[in-house]
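Hi,

Here is the structure I promised to pass on. Have a look at it first, and then read my notes below.

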Amino acid sequence: MVVEIDENSGFCFGVVTAIDKAEAELTRGKGLACLGDIVHNASEVERLRLRGLDTITHEDLEELHDSAVLLRAHGEPPSTYELLRRNNNRVIDATCPVVLRLQQRIKQAYDEAKQRYANRQTQSMPLILIYGKHGHAEVNGLVGQTEGNAVVVQGVDALNDIDLDRDILLYSQTTKSIEGFKHIVEEIKKRKRKGTFEYFDTICRQVATRSEKIKGFAASHDTVIFVSGAKSSNGKVLLEECRKVNPRTYAVTDGNEVKREWIEGAQSIGICGATSTPAWLMEEVREVVIGMES
């Protein structure tokens with residue numbers, strides 16, 4: 001039996017950078033808090049907790065003073081930075097460079113739109129739409145660049161409640177699907193009767209290309225074991241992509257959840273995961289599978 005780990009699975013660049021920054025800070029032997037789970041994987045969060053990384057929530061910020069706080073790859077709105085600095089906290093900013101550039105683009109677009117409206121160059125304030133998941137940390141950070149005025153579009157149905165005849169600027173959460181974004185664009189074009197419409201594909205290609213790659217990997221094996229944290233949105237998407245091409249795809253959060261009957265009769269087993277799945281965890285699952293065979 002062949003047991004292969006997908007070389008394209010595992011942490012994306014932004015997550016790698018965030019964890020590297022956390023570990024570098026922890027080696028100094030001082031306390032470090034992370035605002036939210038550093039990655040949507042409980043096993044990796046626990047590994048770093050044992051090294052001294054405390055996970056805090058936004059509700060904790062008001063009472064947090066004189067501490068070191070890491071901002072994870074998802075990014076944060078300007079209000080978070082203001083509060084941290086007001087309370088004399090030191091910020092270790094691990095915002096993914098792709099997300100950071102998008103934040104800057106949206107802020108500039110919003111500021112320019114506000115200025116044009118103030119100068120009466122437009123009849124109404126242009127509307128900024130963000131194709132993304134409501135409440136997602138990255139989306140919250142993007143909306144924050146517009147003083148909370150951007151509208152989040154999670155799917156086509158959300159367009160029913162929007163005045164599409166206003167001037168519109170559309171952006172995307174970096175981890176959404178390209179197909180989903182294109183669908184939103186086409187729907188707006190179909191429904192729009194007047195006003196301008198500009199759209200910007202701001203999806204991270206390192207994440208977006210994983211769907212096709214992981215489908216190829218899943219199709220090449222008899223059984224697939226997909227390793228991902230329960231909170232990972234990207235994990236849910238990639239798991240379904242695997243199941244589309246291989247119904248013998250099983251989801252686990254760690255090696256303890258692997259079942260012997262999944263691998264019975266299989267000549268090749270593929271192990272893959274989300275952009276939030278650490279390589280060491282996929283290796284652990286691989287060792288469990290090999291142990292079951294012997």
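**The sheet with β8 and β9**

Strand β8 (residues 168-172) runs parallel to β9, and three bridges pair the two strands. One residue pair to look up here is leucine 170, whose bridge partner in β9 is tyrosine 199. Before you go further, please keep in mind that this is a predicted model.

The sheet they belong to is an open one of four strands, in the order β7-β6-β8-β9 and with parallel pairing. Its edges are held by β7 (151-153) and β9 (197-199); each has a single partner strand, so one side of each is left without a neighbour in the sheet. On average, neighbouring strands of this sheet are turned by 25° against each other, ignoring direction. A helix packs on this sheet too: α4 touches β6 (127-131) and β8, and the direction of α4 makes about 170° with that of β8.

**The sheet with β10**

There is also an open sheet of four strands in the order β1-β12-β10-β11, again with parallel pairing. Which strands stand at its edges? They are β1 (2-5) and β11 (249-252), each with a single partner strand, so one side of each has no neighbour in the sheet. Here the average turn between neighbouring strands is 20°, direction ignored.

Now follow β10 to its partners. Strand β10 (residues 223-227) pairs with strand β12 (residues 268-273) in the parallel sense, over five bridges. Within that pairing, valine 227 has glycine 273 of β12 as its bridge partner. Two helices to look for on this sheet are α8 and α11. Helix α8 packs on the sheet and touches β1, β10 and β12, with its direction at about 160° to that of β12. Helix α11 (residues 279-293) packs on the sheet as well, touching β1, β10, β11 and β12, and its direction also makes about 160° with that of β12.

With β11, strand β10 runs parallel, and four bridges join them. Isoleucine 225 finds its bridge partner in β11 at tyrosine 250. To get from β10 to β11 the chain passes through α9, and this β-α-β crossover is right-handed.

**A residue in α8**

If you want a single residue to start from, try lysine 215, which lies in helix α8. Which residues does lysine 215 touch once its neighbours within four places in sequence are left aside? The contacts are Glu241 and Val245. Lysine 215 is also 9.5 Å from leucine 239, C-alpha to C-alpha, with their positions 24 residues apart in sequence.

**The pockets**

The largest pocket has a volume of about 900 Å³. It is lined by 42 residues, and those closest to its centre are Thr174, Thr175, Lys176, Val207 and Asn234. Two or more lining residues come from each of α1 (13-26), α4 (97-118), α6 (178-191), α7 (205-208), α8 (210-219) and α9 (233-245). So where does the largest share of the lining come from? It comes from α9, with seven residues. By type, the lining of the largest pocket splits into 16 nonpolar, 17 polar and nine charged residues.

The second largest pocket has a volume of about 310 Å³. Its lining is made up of 18 residues, with Gly36, His40, Arg72, Gly135 and Ala137 the closest to the centre. Both β3 (53-56) and α5 (137-144) supply at least two residues of this lining. The lining of the second largest pocket divides into three nonpolar, 10 polar and five charged residues.

Those are my notes. Happy browsing!

Conventions: Residues are numbered from 1 along each chain as its sequence is written. This is a predicted model: local features need pLDDT of at least 70, side-chain atom pairs count only at pLDDT 80 or more; totals for chains, interfaces and linings use all residues. Side-chain values use heavy atoms; hydrogens and water are left out. On a 1 Å grid over the protein atoms alone, a cavity is a set of points where a 1.4 Å probe fits but cannot get out, and a pocket is an open set with protein on both sides within 12 Å along at least five of seven lines; lining residues have an atom within 4 Å of a point. Grid points are joined across faces, edges and corners, and a volume is the space filled by probe spheres set on the points. Ala, Val, Leu, Ile, Met, Phe, Trp, Tyr, Cys and Pro count as nonpolar, Asp, Glu, Lys and Arg as charged, and the others, Gly among them, as polar. Two strands pair if DSSP finds at least two bridges between them. Axes are lines fitted to C-alpha atoms, for helices over the stretch in contact, and angles run from 0 to 180 degrees between N-to-C directions. Contact means heavy atoms within 4.5 Å. A crossover is right-handed if, with the strands pointing away from the viewer, the path from the first strand over the helix to the second runs clockwise.
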